[in-house]
Amino acid sequence: MDLVIFLPLLIIMGAFMFFASRRQKKAMQATIDLHNSLQIGDRIHTTSGLQGTITGITDDNIDLEIAPGVVTTWMKLAVRDRIESDTDDSYDDDDATPAATELTESTGVTDTDGLKKD
């Protein structure tokens with residue numbers, strides 16, 4: 001009788017543990033794949049929040065240039081993620097986005113303080 005009461009609880013706990021361990025294994029494999037795919041010239045974040053460019057790689061360590069001419073050595077395990085470079089980072093303030101242009105044309109508001117331009 002007692003087994004019948006605890007059986008659903010045991011099944012639920014077993015399923016939770018199975019899915020939790022699966023998620024952890026996937027995350028660990030993603031980290032291993034990241035560490036194996038690092039290349040010289042990649043921009044990365046470390047687990048402590050430092051950003052740098054990889055200038056050298058060994059089996060267990062990487063050399064990071066954190067400022068022009070300043071190179072430090074880190075364990076590969078300290079790499080949290082790769083910084084993906086956006087090719088459209090150069091935003092020119094003189095260029096107005098289409099949404100901003102439409103808003104200006106429809107409302108007549110051109111200043112950031114909400115005043116109409118006469």
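User: Happy to look at this with you! Among contacts in the protein chain between residues at least 6 apart in sequence, what percentage join residues at least 24 apart?
Analyst: Glad to help; please keep in mind that this is a predicted model. Taking the contacts in the protein chain between residues at least 6 apart in sequence, the share that joins residues at least 24 apart is 31%.

User: What pattern does the protein chain follow along the sequence?
Analyst: The secondary structure comes to two helices and five strands. Read along the sequence, these elements give the pattern α-β-β-β-β-β-α.

User: Which residues form the largest nonpolar core?
Analyst: Buried residues make up 13% of the 118 residues in the protein chain. One residue of the largest nonpolar core, Val 79, touches Leu 34, Leu 38, Ile 44 and Ile 62, among others. The core has seven residues: Leu 34, Leu 38, Ile 44, Ile 54, Ile 62, Leu 64 and Val 79.

User: Is Thr 46 buried or exposed?
Analyst: Thr 46 is found in strand E1, residues 43-46. Its contacts beyond four places in sequence include Leu 64, Trp 74 and Val 79. Because its relative accessible area is 1%, and the cut-off for burial is under 20%, Thr 46 counts as buried.

User: Which side chain makes a polar contact with the side chain of Thr 46?
Analyst: The contact joins two side chains at 3.0 Å. The partner of Thr 46 is Ser 48.

User: Which residue forms a salt bridge with Arg 82?
Analyst: Side chains of opposite charge can pair when their charged atoms come close. For Arg 82 and its partner, the closest N and O atoms are 3.2 Å apart. The pair links distant parts of the chain, with Arg 82 in strand E5 (residues 79-82) and its partner in the loop between H1 and E1, 40 residues apart. That partner is Asp 42.

User: Where does Asp 81 find its salt-bridge partner, and which residue is it?
Analyst: Asp 81 is partly exposed, with a relative accessible area of 29%. The side chain it meets lies 3.9 Å away, N to O, and belongs to a residue that is partly exposed at 46%. That residue is Arg 80.

User: Why does Leu 9 count as partly exposed?
Analyst: Leu 9 sits in helix H1, residues 2-37. Together with Ile 5, Phe 6, Leu 10 and Met 13, Leu 9 forms a nonpolar patch on the surface, with about 500 Å² of accessible area together. Partly exposed covers the range between under 20% and over 50%, so Leu 9 counts as partly exposed at a relative accessibility of 44%.

Methods
Residues numbered from 1 in each chain as written. Predicted model: local features only at pLDDT ≥ 70, side-chain atom pairs only at ≥ 80, totals over all residues. Heavy atoms only, no water. Patch = residues over 30% accessible without salt bridge, like charges linked within 9 Å, V, L, I, M, F, W, Y side chains within 5 Å. Areas by Shrake-Rupley, 256 points an atom, 1.4 Å probe, with all protein chains shown as cover. Salt bridge = Lys/Arg side-chain N within 4 Å of Asp/Glu carboxyl O. Helix = DSSP H or I, 4+ residues; strand = E, 2+ residues; numbered from the N terminus. Buried < 20%, exposed > 50% of the residue type's maximum accessible area, 1.4 Å probe, protein only. Core = buried A, V, L, I, M, F, W, Y, C linked by side-chain atoms within 4.5 Å. Contact = heavy atoms within 4.5 Å. Polar contact = N/O pair within 3.5 Å; in protein donor to acceptor, adjacent residues only side chain to side chain.
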